[in-house]
Amino acid sequence: MDKDKVAEDLVDLAMEIENLPLDSDERSRLLKLVVSMEQHLSGEPAEQEPQEVVDAVDAVICAFETDHPTMTGIARRLMSALSSMGV
């Protein structure tokens, strides 16, 4: 997956998160995760270590896969892309 598609998926994921019925703390936590993924992809210093990001995305997939399949599908694609890019 090329970086443009990954960037597009990150935007899609952020939009999905904005549309979920979440409290503000949970929404903020998930959006920070998106920012961490963006930082790793751009080579910027990131708040979270790569493995922390992977673990957090994995937890999101497990928590939301039943009720929010669109979001988890995007998250799975991003996990695969990040992994193939060495993150």
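This briefing walks through the salt bridges, one helix, one cavity and a few single residues of the structure above. Please keep in mind that the model is predicted. It holds 6 salt bridges, and a search of the whole structure finds 1 cavity of 30 Å³ or more. Helix α1 is a good place to start, as its buried residues pack against α2 and α4.

**Helix α1 and its two sides**

- Helix α1 covers residues 3-19. At 1.5 Å a residue, its 17 residues should span 24 Å, and the C-alpha atoms at its ends are indeed 24 Å apart, so expectation and model agree.
- The buried residues here are Val-6, Asp-9, Leu-10, Leu-13 and Ile-17. Looking down the axis of α1, you would find these buried residues within an arc of 105°, which means that they line one face of the helix.
- Turned away from that buried side is a face carrying the exposed residues Asp-4, Met-15 and Asn-19.
- On the buried side, the packing partners of α1 are α2 and α4.

**Salt bridges around Asp-9**

- Asp-9 is one of the buried residues of α1, and its relative accessibility is 0%. Buried here means under 20% relative accessible area, so Asp-9 falls well into that class.
- Within helix α1, the side chain of Asp-9 meets that of Lys-5 in a salt bridge, with N and O 3.1 Å apart. These two residues are 4 residues apart, about one turn of the helix.
- An α-helix has 3.6 residues a turn, so residues three or four places apart point the same way.
- Lys-5 is partly exposed, at a relative accessible area of 30%.
- Asp-9 also forms a salt bridge with Arg-77, at 3.2 Å from N to O. This pair links distant parts of the chain: Arg-77 belongs to helix α4 (residues 69-84) and Asp-9 to helix α1, with their positions 68 residues apart in the count.
- Arg-77 is partly exposed too, with a relative accessible area of 34%.

**A salt bridge in helix α2, and a network**

- Arg-29 and Glu-26 form a salt bridge whose closest N and O atoms are 2.7 Å apart.
- Both residues lie in helix α2 (residues 24-42), 3 residues apart, which is about one turn of the helix.
- Arg-29 is partly exposed, with a relative accessible area of 42%, and Glu-26 is also classed as partly exposed, at 22% relative accessibility.
- Elsewhere, salt bridges that share partners join Lys-5, Glu-8, Asp-9 and Arg-77 into one network.

**The cavity**

- The largest cavity has a volume of about 60 Å³.
- Its lining is made up of Leu-13, Ile-17, Leu-30, Leu-33, Val-34, Met-37, Val-57, Val-60, Met-71 and Ala-75.
- Four helices give two or more residues each to this lining: α1, α2, α3 (50-64) and α4. Of these, α2 gives the most, with 4 residues.
- Leu-13 and Ile-17 appear in the lining, and these two are also among the buried residues of α1.

**Three residues of helix α2**

- Arg-27 lies in helix α2 and counts as buried, at 17% relative accessibility. Apart from its neighbours within four places in sequence, Arg-27 is in contact with Ile-17, Glu-18, Leu-20 and Leu-22.
- Leu-31 is another residue of helix α2. With a relative accessible area of 22%, Leu-31 is partly exposed.
- Beyond its neighbours within four places in sequence, Leu-31 is in contact with Ala-14, Ile-17 and Glu-18. Leu-31 and Leu-10 are 21 residues apart in sequence, and their C-alpha atoms are 9.9 Å apart in space.
- Gln-39 also lies in helix α2, and Gln-39 is buried, with a relative accessible area of 14%. Setting aside residues up to four places away in sequence, Gln-39 touches Glu-44, Pro-45, Ala-46 and Glu-47.

Notes. Residues are numbered from 1 along each chain as its sequence is written. This is a predicted model: local features need pLDDT of at least 70, side-chain atom pairs count only at pLDDT 80 or more; totals for chains, interfaces and linings use all residues. Side-chain values use heavy atoms; hydrogens and water are left out. A salt bridge is a side-chain nitrogen of Lys or Arg within 4 Å of a carboxyl oxygen of Asp or Glu. Buried means under 20% relative accessible area, exposed over 50%, partly exposed in between (1.4 Å probe, protein chains only). The expected span of a helix is 1.5 Å times one less than its number of residues. The arc is that of the directions from the helix axis to the C-beta atoms. Contact means heavy atoms within 4.5 Å. On a 1 Å grid over the protein atoms alone, a cavity is a set of points where a 1.4 Å probe fits but cannot get out, and a pocket is an open set with protein on both sides within 12 Å along at least five of seven lines; lining residues have an atom within 4 Å of a point. Grid points are joined across faces, edges and corners, and a volume is the space filled by probe spheres set on the points.
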